[in-house]
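Colleague: I have a model open and would like to learn how to read its features. Could you take me through a few of them?

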Amino acid sequence: MAVSSVGFNRGFFAEDNDGSMDVIDSMGHAKMTPVQASTIPLFMKHKDVVVEAVTGSGKTLAFVIPVLEKLIARPRLRKNEVGALIISPTRELATQIHSVFSSFLSAQPNFDSDNTSTSLLPPALLLVSSQQSSPEQDIERFLSTGADIVIGTPGRIEEFLLGKGRGKVSVKELEVLVLDEADRLLDLGFQNTLTRILTHLPKQRRTGLFSATMTDADAISELVRAGLRNPARIVVKVQSRKEGVTQQPTEERRIPANLQNYYITCRASEKTLQLVRLILHETTKFQASQFIVFFATGACVDHFYRILPSVLPSEATLHSLHGHLTPSARTRTLETFSSAITTPSSPAILLCTDVAARGLDLPHVDAVIQYDPPSDAKAFSHRCGRTARAGRAGRAYTLLVGREEEYVDLMSVRRIPMKRHSYVGGKALQSEEDRTEDEDVSLYLSRCRKTLLADRALHDQAAKAFVSFVKAYSKHEASYIFRVKDLNLVGLAKSYGLLRLPKMPELKDADLDDWEDANVDWNEYAYADKVQEAKRKASLMKTTEEEQLTRKRKAERVESKKANAPWSRKLGKKEEREKRKQIKISKKKWEKAQGNDVKPEENLKRTREEVEDSEDEEDDWDDLAKEERMAKKVRKGEVSQKAFDSKFADL
Ligand SMILES: Nc1ncnc2c1ncn2[C@@H]1O[C@H](COP(=O)(O)OP(=O)(O)OP(=O)(O)O)[C@@H](O)[C@H]1O
């Protein structure tokens, strides 16, 4: 990495504190990095600082050293007093910062005063969600051992200072406040909590804001909110050679100089295929063995964690990390991933959400792959920055589909240059537009489907992941680029290995020519978990019974309609007959009025007919009136339909 010419200075450290220098020596850091060289002297000299420097440039030590030295140099605090507060947006990052402080604190020389052996500063206190320690236990521990330095996430710190710890924990002597990933901490998600914490702290304190993505605009608004006074703004810029331009050899960029930042365009259906081929390409071409792959949601991580083994070499080990896992599972994952012994033929791959985007220092990550670009554009450089740390080489790849390619311009405006990487594998490419769907898509689809078919729970999870992705996509910050209506959902469903398309409004008008459901007997498709399967079967049986009952009821209704039909038809016939009669009567009257020479027999006949008809008519009207009266009673529920039918069915 770029290092300054300035060495770590013993003069920084308090007398008797050679331990800190020993720790730095043991870390192998001969010189300070530029951000350390510019920040440490200022922050130690009681200046507020706002620091922006790329990922992996050593910002942690730039605040750890001044915090330690300030506290060591002052009189000891009481056990209920906090001297420095470090706030971080995630528990993983807080834990990492805590471990850096701990390595310094445990190396403090013991000194002998009044014949007791005491450390200069007590151990730092870590406040993050955990099954091991509740907020009450944190406070108990703090009061019994003291902790001049407290590190934690906003929620737990608020609880500690203003919740259960109110009145017990004192911030009167607070000397330093550090907001790591300050732009994230001061944005909407944490705003209210942060404001409550900041208002509670004494104004006489030093404050440091640190981030890789602290633009001038962010810095100004955040300074006011964080209560900084006349701060020093430190921006460490990265210059890199502009490719192919000789006149203007360097350009400023907001990602590490040694990070190769690529994008690959592919079809939605080819994303999983590209992911797998990229991993293989990296292991063979660059001997890469540690990867981080970012997805849009925790459900997507869970889904790909289950299906990727069917398309990756069996030697690859997958790990998953997202916010819905338990704290202990998150800790375990990070520990096993970072300590895994990996080789190109047995790589370790961490699948995660943005929970791992910021701050995590996993020095051996060779490549970062963004299966989906992040919703928040700022997260992009943080994600890429999990590789190429501390001067090491690293590569980042982002998969872009269709108009998502415009994202490259958006990043370029933010001084994050991206370079096109050719589509990996498959047939030699003509133009990207002309290329037909990669032949291996169907092969991958069938392998993923085979995995899903082993357990119905995997199918449920797949559908959940797919829906969650579409939902996340609809909330993309750069909504003019990421539009759900432009998404090829059918193609995406292939990349997810879905068995059938989920019922969702976004798929209503989708072109399904390119889609075929998997051949599945949905009644037989079972859950691997016995209890869940028993429940499904019970509910299936209930549904079948209900369906049978519904079918029976429908059949009865049809029958009953049929039974009622004569009555209604009869009613129709009666009306017709009535009409005919009226015509006949009027015709007769007309003939009489014309003095028609109708034969007497005919006259007689007609008269008889007429009489019969009129008798008929009276009977009909009587019947109809009776019917109507009874129908009213049926409607009121006074008479049953059956009784009604039996009386009038023959009419
Ligand atoms: N002076 C130094 N010389 C060499 N390596 C260093 C030096 N200081 C820190 N490092 C190493 O650089 C790596 C990155 O440091 P750190 O995590 O502090 O970066 P950062 O700037 O906070 O990154 P991010 O923005 O991702 O949080 C660590 O592995 C650390 O040990």
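Modeller: Happy to. Let's start with a sheet, keeping in mind that this is a predicted model. Seven strands make up an open sheet with parallel pairing, in the order β14-β15-β13-β16-β17-β12-β18.

Colleague: Which strands stand at the edges of that sheet?

Modeller: Those are β14 (317–321) and β18 (419–420). Each has a single partner strand, so one side of each is left without a neighbour in the sheet.

Colleague: What packs on the sheet?

Modeller: Helix α10, residues 271–285, does. The strands that α10 touches are β12 (259–265), β13 (290–294), β15 (348–352), β16 and β17. The direction of α10 makes about 165° with that of β17.

Colleague: And how should I read the pairing of two strands?

Modeller: The general idea is that strands of a sheet pair through backbone hydrogen bonds, either parallel or antiparallel. Take β16 (residues 367–370): this strand pairs with β17 in the parallel sense, over four bridges. One residue pair to look up is I369 with its bridge partner Y397 in β17.

Colleague: Let's move to β1. How many of its residues are buried?

Modeller: Five of the five residues in β1 (49–53) are buried, and the strand is mostly covered. For the side chains, the general rule is that in a regular strand they alternate between the two faces of the sheet. In β1, V49, V51 and A53 point one way, while V50 and E52 point the other way.

Colleague: Which strands does β1 pair with?

Modeller: One is β8 (residues 206–211), joined to β1 by four bridges and running parallel to it. V51 has F210 of β8 as its bridge partner. Another is β9 (residues 232–236), which pairs with β1 in the parallel sense over five bridges. There, A53 is matched with V236.

Colleague: Now helices. What do I look at when two of them pack?

Modeller: Two packed helices are described by the angle between their axes and the distance between the axes. For α2 (residues 34–44) and α3 (residues 59–72), the angle is about 25° and the axes are 9 Å apart. Angles under 35 degrees count as roughly parallel, and α2 and α3 are therefore roughly parallel to each other. The crossing of α2 past α3 is right-handed.

Colleague: Which residues meet there?

Modeller: On the α2 side they include V35, I40 and F43, and on the α3 side L61, F63 and I65 are among them.

Colleague: Could we try single residues? Is I151 buried or exposed?

Modeller: I151, in strand β6 (residues 149–152), has 0% relative accessibility, so this residue counts as buried. Beyond four places in sequence, I151 touches I86, A94, I97, H98, F101, A124, L125, L126, L127 and I157.

Colleague: And where is R389?

Modeller: R389 is in the loop between α13 (377–384) and β17 (394–400). Buried means under 20% relative accessible area, and R389 counts as buried because its value is 9%.

Colleague: What does the side chain of R389 have for polar partners?

Modeller: The side chain of D361 makes a polar contact of 2.7 Å with that of R389. In addition, a polar atom of the R389 side chain lies 2.9 Å from the backbone oxygen of G385. Leaving aside neighbours within four places in sequence, R389 is in contact with T55, G56, G359, L360, D361 and L362.

Key:
Residues numbered from 1 in each chain as written. Predicted model: local features only at pLDDT ≥ 70, side-chain atom pairs only at ≥ 80, totals over all residues. Heavy atoms only, no water. Helix = DSSP H or I, 4+ residues; strand = E, 2+ residues; numbered from the N terminus. Buried < 20%, exposed > 50% of the residue type's maximum accessible area, 1.4 Å probe, protein only. Polar contact = N/O pair within 3.5 Å; in protein donor to acceptor, adjacent residues only side chain to side chain. Contact = heavy atoms within 4.5 Å. Pairing = 2+ DSSP bridges. Axes fitted to C-alpha atoms, helices over the stretch in contact; angles between N-to-C directions. Parallel < 35°, antiparallel > 145°, perpendicular 65-115°, else oblique. Left-handed = near helix turned anticlockwise from the far one by under 90°.
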